Amino acid sequence: MTGPPPLQGLKVIEFAGLAPGPFAGMLLADAGASVLRIDRAQAGASSRGRAIPNEDMLTRHKASIAVDLKATRGVALVKRLAAQADVLIDPFRPGVLEKLGLGPDVLCAANPRLIYGRMTGFRRDGKYAAMAGHDINYLAVSGVLSLLGREGERPHAPWNILADFAGGGAVLFQGVLMAVIARQASGRGQVVEANMVDGAGYLATFPRMALKTPLGDQARGRNILDGGCPWYDTYETADGKYMSVGALEPQFFAALVQGLGLAGQGWEERRWDSSVWPSLRKLMTDTFRGRTRSEWEAVFDGTDACCTPVLEYGELESDSSGLREGDQRPVVTLRDTPCLAVRQGSGPEKGSSTESAATAAAAEARCGQGDGVPGDGYEGQPLSPGSGGEEVLRDWFGWCNGREYEIKGANGFMLKDGETSKL
């Protein structure tokens, strides 16, 4: 029998930000946590505290309230929320929330069970702590960026995946989960500090160590796993698309050259001779350009050649065959307590037989439970400040507008007069 999502009942306050902080909040929300985003109150907001959505696209399964953090009653409202919340996510540069009286020393003293998650780009105790930066800068000072790029070219950052999301938001999410587990034994929350320099550096542990081994001791772009090796690379096909090749092991390489029609030419024996790599790369380049991507798929699908198509998100999103792995799913499959669905209409049809019920449960575990979200994980949906906030406050604490708090248009949500004396 399918149980509720694993983090159901966890109350999370997420201060509005961009990229890594919201990503951590989305991971928590996808796992069933109730995530309430604190937005800045805006001039022109409606009487319900709703205003123009910000640029954040990582909003699924979240709600929002708009709060004027320069107003005493706005800050008081956040303090009351934090006094009963489980997790708080601070996405700002060091000192921002402390100046508002909302730092961990204040909020954790009022709620010893609070897990106060803080996300910065640079280390808080490092040379660049007071400086602004972005993903590329964090990769640069961590050393990771020096590994990325082709031979003879400048280091190249791959979007903002590695620092912002993998080394930032996902690492903060992991730290919050560690603190949740620790709280079960200690009864106390704690401050969780993540930064993208250390997060990205940790992800690069294996390639960093490989620099002192034959696997990675050549210059950037000349090693086995960074584009230097011809059988670990991508190749253009006749229709301008690409195939990826990762035939590292000898049996996989044998299957690759067999599929390419190059078997019996001695490449199997000479593949580790780097002096012949340029010749082999040219031969593979010319060979792949001789057929379309779909034709090469027909050759390599079902084989162990480690040769697969480079699929683009546009074709994955529009695929109706079900043969591509383009449907967006939860980040991990939990058999008994699945996360929430991303794709709409992914829920299985419930059968009456034992076999069909088991199949439906397995599908629900893979695809997630619930109705999914608009956009199916391909298109972000704006979350207007104030959207769903009243419902969350009612669910969390039984609060009602006009009793514990009130909504003052451009001033947003604030604690009701007289309630501040209870802090």
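Met 243 counts as buried, because its relative accessibility is 0%, where buried stands for a relative accessible area under 20%, exposed for one over 50% and partly exposed for what lies in between, with a 1.4 Å probe and protein chains only. This residue is found in strand β8, and its C-alpha lies 41 Å in space from that of Asp 90, the two being 153 residues apart in sequence.

The model is a predicted one, in which local features need pLDDT of at least 70 and side-chain atom pairs count only at pLDDT 80 or more, while totals for chains, interfaces and linings use all residues. Residues are numbered from 1 along each chain as its sequence is written, and side-chain values use heavy atoms, with hydrogens and water left out.

**Overall composition**

The protein has 423 residues, of which 43% count as buried, and its C-alpha trace spans about 85 × 60 × 45 Å along the principal axes. It contains 15 helices and 11 strands; both are DSSP runs numbered from the N terminus, helices being H or I over at least four residues and strands E over at least two.

**The sheet around β8**

The strand that holds Met 243 belongs to an open sheet of 3 strands in the order β7-β8-β9, with antiparallel pairing; two strands are said to pair if DSSP finds at least two bridges between them. The edge strands are β7 (232-236) and β9 (307-309), each of which pairs on one side only. On average, and with direction ignored, neighbouring strands of this sheet are turned by 25° against each other, the axes being lines fitted to C-alpha atoms, for helices over the stretch in contact, and angles running from 0 to 180 degrees between N-to-C directions.

Between β7 and β8 there are 5 bridges in the antiparallel sense, and Thr 234 has Ser 244 of β8 as its bridge partner. The hairpin of these two strands has 5 residues between them, and in it Gly 240 takes a positive phi near 80°. On the other side, β8 (residues 242-246) is joined to β9 by 3 bridges, again antiparallel, and Val 245 stands opposite Cys 307 in β9.

**Positive phi outside glycine**

Most residues other than glycine have a negative phi, and most peptide bonds are trans. Two residues that depart from the negative sign are set out below.

| Residue | Phi | Loop | Relative accessibility |
|---|---|---|---|
| Trp 159 | about 50° | between α5 (135-142) and α6 (161-186) | 75%, exposed |
| Cys 306 | about 55° | between α12 (293-300) and β9 | 31%, partly exposed |

**Parallel strands towards the N terminus**

Strand β2 (residues 34-40) is mostly covered, since 5 of its 7 residues are buried. It pairs with strand β1 (residues 11-15) in the parallel sense over 5 bridges, and Ile 13 has Leu 36 as its bridge partner in β2. From β1 the chain crosses through helix α1 (residues 20-30) to β2, and this β-α-β crossover is right-handed, which means that, with the strands pointing away from the viewer, the path from the first strand over the helix to the second runs clockwise. Strand β2 also pairs with strand β3 (residues 62-67), in the parallel sense and over 6 bridges, and here Val 35 stands opposite Lys 62 in β3.

**The second largest pocket**

Rolling a probe the size of a water molecule over the atoms shows where empty space is left. A pocket is taken on a 1 Å grid over the protein atoms alone as an open set of points with protein on both sides within 12 Å along at least five of seven lines, where a 1.4 Å probe fits, and its lining residues have an atom within 4 Å of a point. The second largest pocket holds about 380 Å³ of space, the volume being the space filled by probe spheres set on the points, which are joined across faces, edges and corners.

Its lining consists of 20 residues, and Leu 147, Pro 207, Leu 211, Leu 225 and Asp 226 are those that lie nearest the centre. The elements that give two or more residues to this lining are α7 (196-203) and α8 (205-210), and the largest share, 3 residues, comes from α8. By kind, the lining residues divide into 14 nonpolar, 4 polar and 2 charged, where Ala, Val, Leu, Ile, Met, Phe, Trp, Tyr, Cys and Pro count as nonpolar, Asp, Glu, Lys and Arg as charged, and the others, Gly among them, as polar.
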